[in-house]
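Please find below a colleague's notes on the model under review, set out as numbered points. They are meant to be read beside the sequence and the coordinates.

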Amino acid sequence: MPYHVVDSISSSLNSQKKSLNGSRLLILGVAYKKDVDDLRESPALKIMQLLQQRGAQIDYNDPYFPQMHKMRHFNFENMKSVAISKESLAQYDAAIIATDHSSYDYHAIVDGSKLVVDTRNATRRVTRNRERIVAC
């Protein structure tokens, strides 16, 4: 799944005449699954690693992880969760929904983002700005 997601992100950015290399991306949710504070085997970690390897600049937001730590296969210990606002979302080339936490306001995320890559079908009830959403 992580490789498919990264390919979808790259393709979606390309359709907007942007390259993955150098893009600013926001990962929404790094937990293993919705509404839990467990990182073990989270696909978001591999997605983040692959995006960095391809030259993307990434940040993340997760209400359950204010700061990342070093793990066996991943080292994101210098990363901290960034706040989400309409202004902050506009600074990113894309927002990637990796974990569909209940606390996220998906309508506001779509309204504030240039592009949303939804890996969890979290935006299924969002009706405005559907053209910004890419289901993955």
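The points that follow take up the sheet, the helix that crosses it, the salt bridges and a few individual residues.

1. The first thing to keep in mind is that this is a predicted model. The remarks below should be read with that in view.

2. The sheet is an open one of 5 strands, paired in the parallel sense and arranged in the order E2-E1-E3-E4-E5. Strand E2, covering residues 57–61, and strand E5, covering residues 133–135, stand at the edges with a single partner strand each, so that one side of each has no neighbour in the sheet. From one strand to the next, the twist averages 20°.

3. At the E5 edge, strand E4 (residues 116–118) runs parallel to E5 and is joined to it by 3 bridges. Within this pairing, Val116 of the chain has Ile133 in E5 standing opposite.

4. At the E2 edge, the pairing of E1 with E2 is likewise described as parallel, and it extends over 5 bridges. Here Ile27 has Tyr60, in E2, as its bridge partner.

5. The connection between these two strands deserves a point of its own, since E1, H2 and E2 together make a β-α-β unit that is right-handed. Helix H2, residues 43–53, lies across E2 and across strand E1 (24–28), and the helix runs at about 160° to E2.

6. Which elements do the buried residues of H2 pack against? They pack against H1, E1 and E2, and the residues concerned are Pro43, Ala44, Leu45, Ile47, Met48, Leu50 and Leu51. Just after this helix, Gly55 adopts a positive phi of about 95°.

7. How many salt bridges does the structure hold? There are 5 of them, and three are taken up in this note. As general background, side chains of opposite charge can pair when their charged atoms come close.

8. One salt bridge is formed by Asp7 and Arg54, whose closest N and O atoms are 3.3 Å apart. This pair links distant parts of the chain, 47 residues apart, with Asp7 in helix H1 (residues 2–15) and Arg54 in the loop between H2 and E2. Asp7 has a relative accessibility of 43% and therefore counts as partly exposed, and Arg54, with a value of 38%, also counts as partly exposed.

9. In another salt bridge, the side chains of Asp93 and Lys18 meet at 3.6 Å, N to O. Asp93 belongs to the loop between helix H3 (86–90) and strand E3 (94–97), whereas Lys18 belongs to the loop between H1 and E1, so that this pair, too, links distant parts of the chain, 75 residues apart. Is Asp93 buried or exposed? With a relative accessibility of 11%, Asp93 counts as buried, while Lys18, at 31%, counts as partly exposed.

10. A further salt bridge brings together the side chains of Arg24 and Asp59, at 3.4 Å from N to O. Because Arg24 lies in strand E1 and Asp59 in strand E2, the pair ties together parts that are 35 residues apart in sequence. Arg24, at 28% relative accessibility, counts as partly exposed, as does Asp59, at 23% relative accessibility. The strands that hold this pair are also those that pair in the parallel sense over 5 bridges.

11. Asp105 is placed in the loop between E3 and helix H4, the latter spanning 106–112, and at 45% relative accessibility Asp105 counts as partly exposed. The side chain of Asp105 reaches the backbone nitrogen of His107 at 3.3 Å, and a polar atom of that side chain lies 3.1 Å from the backbone nitrogen of Ala108. The C-alpha atoms of Asp105 and Ile84 are separated by 9.8 Å, the two residues being 21 residues apart along the chain.

12. The last residue I would examine is Ser12, which is found in helix H1. Ser12 has a relative accessible area of 6% and is therefore buried. Leaving aside residues up to four places away in sequence, Ser12 touches Leu115, Val117 and Val134.

Terms used: Residues numbered from 1 in each chain as written. Predicted model: local features only at pLDDT ≥ 70, side-chain atom pairs only at ≥ 80, totals over all residues. Heavy atoms only, no water. Pairing = 2+ DSSP bridges. Helix = DSSP H or I, 4+ residues; strand = E, 2+ residues; numbered from the N terminus. Axes fitted to C-alpha atoms, helices over the stretch in contact; angles between N-to-C directions. Contact = heavy atoms within 4.5 Å. Right-handed = clockwise from strand over helix to strand, strands pointing away. Salt bridge = Lys/Arg side-chain N within 4 Å of Asp/Glu carboxyl O. Buried < 20%, exposed > 50% of the residue type's maximum accessible area, 1.4 Å probe, protein only. Polar contact = N/O pair within 3.5 Å; in protein donor to acceptor, adjacent residues only side chain to side chain.
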